[in-house]
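Visitor: I'd like a close look at just one part of this protein, the cysteine chemistry. Could you walk me through it once the model is up?

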Amino acid sequence: MTRINRRKFLVYGSTAVGTSILLKACGSSPETTADTAPAEGEATTVAAGGDTIKVGILHSLSGTMAISETTVVDAEELAIKEINEAGGVLGRQIEIVKEDGASDWDTFAEKAEKLIDQDQVSVVFGCWTSASRKKVLPVFEAKDHMLWYPVQYEGQECSKNIFYTGAAPNQQIEPAVDWLLENKGTDFFLVGSDYVFPRTANNIIKEQLKAKGGNTVGEDYLPLGNTEVTPIITKIKAALPNGGVIFNSLNGDSNVAFFKQLKGAGMGPDLYPVMSVSIAEEEVRTIGPDFLVGHYAAWNYFQTVESSANEKWVSDFKAEYGDDRVTNDPMEAAYIMVYLWKQAAEQAGSVDIAAVREAAYGQVFEAPGGTVTMNPNHHISKTVRIGEIREDGLFEIVSATDGPVDPLPWNQYVPDTKGYTCDWSDPAKGGKFKEA
């Protein structure tokens, strides 16, 4: 790695009982509030008429994951607004059917079925946690439908029915471990939320540390949303009395308590540097930069990326949602996946699932974080970056690859998947096969 110093849109939505959801729009489009919220499935902003293409947005608008997922909804809606303003897809405007997964995995599956069967959307953009993605995956596979998923994840999956625009482990987790070993030390304590992503990610990290001469001195988990972090901090102190690396895959509200109590315990980044893989600009803003300055995160995109494409995107996003808002990696991945789907549909000349899937392979997009390319393994090639949290809540990029890194869905450190790959452009190979 090298060191480097608008708008109207169409939206459908629903709300869970007792939950108020604010749908943002511009111009004269009405806002949805607790008093004006529509019944399930009713339009909140009525289309102006004509043939339209329905797309689903399925994220947690409430519950512990809303801190992160509401921001990717904003990015997806911005992309759709821009596309509609430019003439839509295949000459048709996009309508959004928005559902709240409510940070509950069974709800995600129910809403996915509704979007496909009842609303008959052409595609779904959604999920954050791997637990929610794993829950909806059988729905999309059974119905041979299409989900675009915008968040970094643990890999070990390659579904024909999902396109993944977040990082695979070799595009985030593994480079972060390599950088830490080179710059911060060899003793690691692994902390995460208790579900599939952190546990699988930590299994990968342990295998990588064994291969690279590092040490896993401890490992602990919190139920998603749990804020009782004192026992974990006590364990970290006991395992690393003289300091060491903390690799953090906590998600949601748990991060707020973790970083506040870490600082309260006097465990600063000088002796206890934390590398996070689910903390980005929005989470820093919510937690408070004072608790995070000097710690690190690994992503493919930061708001501080210097490029004309990023300057324009940040400007457009702030113009839409406010100067105080920030952009981050999952938001960028969510934004670009809408455009990649659009490009594939236009190349296919149809929104037919099979046609769009085939046309998606090889799609290139000049993203705010750099050029991305969709591969036949349904993952995108993208640049890897590591950032240090600054006092202003943004990231100083301390390391970046020279260009895009190709994704490896099946991990090459884990013995059970070493040598395996994925290629959906060849049905004989499919989601998992061993290279000769």
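How many disulfides does the structure hold?

Guide: Keep in mind that we're looking at a predicted model. The structure holds one disulfide. The partners are Cys-158 and Cys-422, and their sulfur atoms sit 1.8 Å apart. Look along the S-S bond and you'll find a torsion of -55°, so the link of Cys-158 and Cys-422 is left-handed.

Now trace the chain out from each end. The pair ties together distant parts of the chain, with the two positions 264 residues apart in sequence. Cys-158 sits in the loop that runs from β6 (147-149) to β7 (162-164), while Cys-422 belongs to strand β18, residues 420-423. That gives us a loop at one end of the link and a strand at the other.

What about solvent? Buried here means under 20% relative accessible area. Cys-158 comes in at 7%, so Cys-158 is buried. Cys-422 has a relative accessible area of 5%, so Cys-422 counts as buried too. While we're on cysteines, take a look at Cys-127: its relative accessible area is 0%, so that residue is buried as well.

For a contrast, swing over to Ala-265, in the loop between α7 (254-264) and β11 (274-276). Ala-265 has 28% relative accessibility, so it counts as partly exposed. Setting aside its neighbours within four places in sequence, Ala-265 touches Ile-233 and Lys-237.

Conventions:
Residues numbered from 1 in each chain as written. Predicted model: local features only at pLDDT ≥ 70, side-chain atom pairs only at ≥ 80, totals over all residues. Heavy atoms only, no water. Helix = DSSP H or I, 4+ residues; strand = E, 2+ residues; numbered from the N terminus. Buried < 20%, exposed > 50% of the residue type's maximum accessible area, 1.4 Å probe, protein only. Contact = heavy atoms within 4.5 Å. Disulfide = S-S within 2.5 Å.
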